[in-house]
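Student: I am new to this structure. Could you take me through it step by step?

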Amino acid sequence: MKTRIFFALSLVSLLASCGNDSPSNTEPTSVEIDSSSPASLLLSLKAARNYTVDIAIYSIAGGNSKLYSSATAYFDDFSYHFKDPSYEIGYIQGSEGVYPFSLQNGAVLPGEVLVDEEGATLTSLWGSGLFGSFADFDASSLEGKEDARLSISSKAGRLALLDIAGLDRTNYPSFSQVSAVIQGESLHISGYLTLDGGSYSISYDVKDIQATEDTVVREFLEDGGKALVPEHALSRAKALMKGNNYTHLYYTDSGKVGAYERFHEDYYLLSTGSEMLSQGLIPTGMVGVDNKVDPATGKTLKGCYLATPSSESDGRDITSVSVMESFPYNSSTTSVVEAYNYPSSLLLWDSLEYVNPYSTILHEDMTEAFMTSNAAIVYDFASNVGALTAFENAGISPVALVIETTAVDAPGAEEIYFTIIANTGDGMDFHFLDFGVTDVPVMDEWLATLVDA
């Protein structure tokens, strides 16, 4: 079954009075609840910020149904918490801003304060797009309907329900016969789904409207809980990698540098020496161009184009670059960072709460070390750097990631080592340096010749 895991935030109606972490100048939302019909109650829920939703999915076979999965989503003005039998995750709106959390061994593990696309601190939980809620229902489909059973046919309404349940929106075409009724003090919504070829029914019970409390989050805040502030070396490593300008070194078996992988905001280039070339590491690259004309060929370029570098025998200095201008390798974006999925997009950088100081320095001249054993982070890193195939071919598994830094806050001299530790105890290294000063003159010169289309 396709699911979408969102970092939910737990509900806590008493949050406004919990210590110093309550959002400043913010009061809980009070809404008059109209439960005279399912439609009127849904309209009330569009404005409400406090309720609990129990979600149950049943598999249907041979006329019988069996509980397949269940979850509970708690909503509140300043928190949202999604509780599944296998995980609990969420967001909290505190005085510092909005930050994610998860539950580890029953305790809240907070993440860093989130920022928007412009880098500004995210201060409002509702309307942030971090989770689905009844606020996303289409009001026009509810107005004036007083039936005891409401058929939910609008696309916005059904998509909101899929979001609330953590189900992928691609399941929308099979989400059918969705209806809502009032049962006691709760709103009951049900429907049918086809997931991975199987038939399922799904139900939502909306309860504790304007009476929901999440004791886990409340206790965390009452105990002085705050958003994560990572150690400086770790946050600095994140900032360096997010800068999208650095070089990754490949080492030969003899310990010499055998290839240079250059990450630049405008282009990516991998140049190799003879030893690495003989082992199958082929020079390659990509350059992003946003609606420019190459005067030498007369071609209008828009998108990301493949580029092949030529270099000295050791791969250090790139002497020329050939750009395949006939058609873009990726026409949907002009960003090489996006098209090549730079390491700045690693799950690691959004999950530093799972990274802890590590007592062992693995590489000479490194000064600080950190480690995570979070499987999702480790596998995401291994996939991003193309190491998963090597692990699979060797019949071993990556189980930990070590991050080492040196020369912190020394521009141009800072270095980062990543080491994937296998279940055998062996390691695979990835050495990054030249942060903020990585460039390829011949590539810059080519880009400078382009003119506006």
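Student: What percentage of the residues in the chain is buried?

Tutor: This is a predicted model, in which local features need pLDDT of at least 70, side-chain atom pairs count only at pLDDT 80 or more, and totals for chains, interfaces and linings use all residues. Residues are numbered from 1 along each chain as its sequence is written, and side-chain values use heavy atoms, with hydrogens and water left out. Buried means under 20% relative accessible area, with a 1.4 Å probe and protein chains only. Of the 453 residues in the chain, the buried share is 48%.

Student: How many helices and strands does the chain have?

Tutor: Helices are DSSP runs of H or I with at least four residues, and strands are runs of E with at least two, numbered from the N terminus. Counted this way, the chain has nine helices and 22 strands.

Student: Which helix or strand supplies the largest share of the largest nonpolar core?

Tutor: A nonpolar core is a set of buried Ala, Val, Leu, Ile, Met, Phe, Trp, Tyr and Cys residues joined through side-chain atoms within 4.5 Å. The largest one has 46 residues, and Phe-134 is among those that touch the most other members. Elements supplying at least two residues each include helix H1 (38-47), strand S1 (51-61) and helix H2 (155-165). The largest share, six residues, comes from H2.

Student: How many residues are in the other core that lies apart from it?

Tutor: Among the members of that other core are Tyr-246, Phe-263, Leu-270 and Ile-403. Its size is 39 residues.

Methods. Buried means under 20% relative accessible area, exposed over 50%, partly exposed in between (1.4 Å probe, protein chains only).
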